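Here is a short report on a structure with more than one chain to explore. Look at the picture first, then read on.

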Amino acid sequence: MKRAVIALLLCCIAAGASPQAAAPTRPPASAANAPALAQSAPPQLPGDTPPAATPTAPSAGEVETQDAQPQPSSAAQDLYESARTDLLQIRMLLKNGRTQSTVGSGFLVGTSNLALTNYHVVSQMALDPDVYTAEYIDTDGNTGPVELMAVDVLHDLAVVRVNRNGSGFFKVPESPARLRQGQPLYSLGNPLDLGFAISEGAYNGVLKRSFYDRLIFSGPINSGMSGGPSVTASGNVAGINVARRRDGESVSFLVPVAYAQDLLRKVASQAAPPADFNPLIGQQLLAHQGGMVDKLLDEPLTLKGMGPYLVPVRESGQVRCWGRSSVKRGAAFNVDAMSCVMQSAVFVSDSQQTGNVAMTHQYIRSGSMEPLRFASLVGDLFKVENLGSTGDPRLTKPFCSERFVHTRTLPLRAVTCVRAYRNFEGLYNFTLLTASTDASQASLQSRLDVSGVSYENGLRVTRAFLGAFGRSGRR
Amino acid sequence: MNTLAKAQADAPAALPSAPSADLPIDLPLSAPWTVETLARNGEVLQRQRVATLPIRMGRAYDNDVIVDDDYAAPHHALVDATLDGKLLLRDLGTRNGIVHKGRCVKELHLDGDTVVRMGHTTLRIRSAAHPVPPELTDRTMHGWEGVLPGAAGVLLTALTALLAAWLLDRNNIELQRYVQWPAAAVGAGLLWSGLWAFGNRLFGRRARLGRHYFIFGLALAALLGVRLAASVVAYAWSLEWVTAYASHAAVVTVAVMIYFHLATVTPQLRRRLRIVCAVLGLVASILIVAGNQQQHGRMADELYMSLLLPPELRASPDAPVAVYINQVGAMKKEIDAERKGNAGE
């Protein structure tokens, strides 16, 4: 009897405790990467499962999961029936051999011959028009050439022109319709290059954590559906499929249709598409970094205490910070670390993202290590080799400036390394490394990475960050 | 061999003038003559003393100098004095002949430095009056040979390894590490100096293991010492180039070590060895620079000075943040030039 009671009690405790126990363990481990994934999301639909799906034969498992999906409702059936004529698959082809390198989706806007898709679907054509070209395939298997008209790198949108007109099903309203949370949305596209599909989900508000607004769509979006439309039951486009959370279940993101309207207006006003999109992309990235740095520095950085040191961080909707500690009893030294990432990365190409801001602080201390031995340890930790490979053709080699500097209250060793983008003039990656030089058994080491900024803004961030370091009175 | 040479040397004293009675007395050639068999590098392998002229040479046992060489004829050559007082070597009609400076000769005038080859045997003949250079000044510290320098070398090696083990220890101090490191270093030193001692025994007369070990120990200590001293100097006065090119100091240390090893083996070639080691060091340094340039696009060993030392070791003043930011700002020109330069390619 007693045992049974104890067993029952234990069960209750276990049941009550498990969600609490599970919850805190997740953020530091997965969250540290996950938001970066979501944000680096453009590459995500394309990025990881390559920009849209490798045409491989589905394995038995995959087919099974497909079958397991809930049957679309009759509304979805009707919708797909009327939408299919305007739905396109967009394929990037290598000019030599015309083999496809990536595939995505797109849709004809109204009755025009313009189609909307994601920038990341056509990024290869935009960056390397000499190597890549594109074609579309519609639901009847007809193909035709695709001409790139305009790109919006920041919101991940592109407009292309094809040699046929839409039936007028997909309406891009002048002023976007108001969406209510829970309202059903239908997402269309060609997932994993398996065939055209429609998936049903619900609108769930605007993602505030991302630098540019994204709609949350609680429904399945898979690689290859990028660039496809998500529409209301009446055929009004609510957003363009763009990304999903890899660690989530049916947590997907859409580009709000308002940005698509802006881009379409731009296409209407331009006489001819630009011959080279690289300078245009460079300008958009410059605009992005301007907004990003302004947002980062619009108020003074927050100072947080790490041991006796005061370290600058920024905590706002777009910047997320995580902490981690290696404190162990009897260890020769201990490390507390804090890292913050601003969710502002912009997809440029499969291998290049820009507009990141990341900062890390490490507080290393030891009670038992002699000063020289401790110095040798922290010297090793201060050595950073991974500023990206020097053979990277997109960036120049790093140039570094190093100095012993003194902020108001703290002497520091500061190293700033800068690399320039080769294909986008005026954009640079800044890395600032600092190490405190005030104590023989404690060391504060920090790293700030700002990528894709103008030199001016890189200096601004470096100055603000470096100048904020300090030491509080207490030991 | 020595005894044989002596026995021959004794004989000629009794009959010095018998065969050469018709020669002038004040001849520069003076008995006894020494026939020296040479190694390829010019070293004397064997000496035979002959009291009188002519000297008969060959493989047969009735010769004055027996040449143990299958490629020499039983009666290969004869050395006699000419009327004008020089030595003349004559071939006795052999198949392989006498070779001088790569050419086959029938007869040849000899002086003390003429080297000829018979079959596979290289030799020269010197008279008793042949001049020799004065003795070398003996700088060898004979008290510093053998066990004493060897022990000092082992001690230096072990201490250096201990210091390195301590500096690189990231954990709480445990005895095992501080036994393993010195043991490994002493073992490596034994291997290194053993190889040099082997070479020394081969090319010199003695192994001199102790001395080679001392050189190793000293070099190891110097490697660590130079590194530490460079670190302290660079950190104290903010001289980043000192650590950026620290590998060249190590190259110099190793070159000096190899010079001392070589000079221990062949002390008479010191001047030449100095040049050889300097050239080797230079080549190593150039290779390091070229490797850095190719791998990292810079000549220095490191991107920046990652060294951190206790604050007491800082000597130069720190810069204010604004000055540093200006310094970073000034870098823009360089980067843009690099970007343009490579874009043009």
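Two strands pair if DSSP finds at least two bridges between them. Strand β21 (residues 399–406) of chain A and β12(B) pair in the parallel sense over 2 bridges. Within this pairing, Val405(A) stands opposite Ala319(B) in β12(B). Keep in mind that this is a predicted model.

**Where the chains meet**

The contact involves 39 residues of chain B and 46 residues of chain A. On the chain B side, at least two residues each come from α2 (147–167), β12 (319–320) and α8 (321–343). Which element gives the largest share of that side? It is α8(B), with 15 residues. Sorted by class, the side of chain B that touches chain A has 20 nonpolar, 9 polar and 10 charged residues.

**Chain A and its domains**

Chain A has 475 residues, and buried residues make up 45% of them. It holds 10 helices and 25 strands. Take the contacts in chain A with a separation of 6 or more: 67% of them join residues 24 or more positions apart.

The domain assignment splits chain A into domain 1 (43–276) and domain 2 (283–471). Their C-alpha centres lie 37 Å apart. The two domains touch through 13 residues from domain 1 of chain A and 14 residues from domain 2 of chain A. On the domain 1 side, α3 (43–48) and α6 (119–127) of chain A each supply at least two residues. The largest share of that side, 3 residues, comes from α6(A). By class, the domain 1 side has 6 nonpolar, 4 polar and 3 charged residues.

The table sets out the two contact sides by class.

| Side | Nonpolar | Polar | Charged |
|---|---|---|---|
| Chain B, touching chain A | 20 residues | 9 residues | 10 residues |
| Domain 1 of chain A, touching domain 2 of chain A | 6 residues | 4 residues | 3 residues |

**Nonpolar cores**

The largest nonpolar core has 129 residues. Seven names stand out for touching the most other members: Ala115(A), Val122(A), Ala158(A), Val159(A), Val160(A), Ala238(A) and Ala260(A). Strand β22 (residues 411–420) of chain A gives the most to this core, with 6 residues. What does Ala260(A) touch, leaving out residues up to four places away in sequence? Its partners are Leu116(A), Leu157(A), Val172(A), Ile240(A) and Val255(A). Another core, of 19 residues, lies apart from the largest one. Its members include Met57(B), Val116(B), Leu123(B) and Ile125(B).

**A sheet in chain B**

Five strands of chain B form an open sheet, in the order β4-β3-β5-β6-β9. The pairing is mixed. At the edges are β4 (65–66) and β9 (107–110) of chain B, and each pairs on one side only. Strand β6 (residues 87–91) of chain B pairs with β9(B) in the antiparallel sense, over 4 bridges. Here Leu87(B) stands opposite Leu110(B) in β9(B).

**How far to trust chain A**

The mean pLDDT of chain A is 82, and 83% of its residues reach 70 or more. Which element of chain A has the lowest mean pLDDT? That is helix α2 (residues 34–39) of chain A, with 32. The highest, 95, belongs to strand β23 (residues 428–436) of chain A. Over residues 7–69 of chain A the pLDDT is below 50. Beyond near neighbours in sequence, this stretch still has 78 contacts in the model. Where pLDDT is low, predicted coordinates should not be read in detail.

Terms used. Residues are numbered from 1 along each chain as its sequence is written. Chains are lettered from A and ligands numbered from 1 in the order in which they are written. This is a predicted model: local features need pLDDT of at least 70, side-chain atom pairs count only at pLDDT 80 or more; totals for chains, interfaces and linings use all residues. Two residues are in contact if their C-beta atoms, placed from the backbone, lie within 7 Å. Ala, Val, Leu, Ile, Met, Phe, Trp, Tyr, Cys and Pro count as nonpolar, Asp, Glu, Lys and Arg as charged, and the others, Gly among them, as polar. Domain bounds come from an automatic or database domain assignment. A residue is buried if 20 or more other C-beta atoms lie within 10 Å of its own, exposed if 12 or fewer, and partly exposed in between; C-beta atoms are placed from the backbone. A nonpolar core is a set of buried Ala, Val, Leu, Ile, Met, Phe, Trp, Tyr and Cys residues joined through C-beta atoms within 7 Å. pLDDT is the predictor's confidence in each residue, from 0 to 100.
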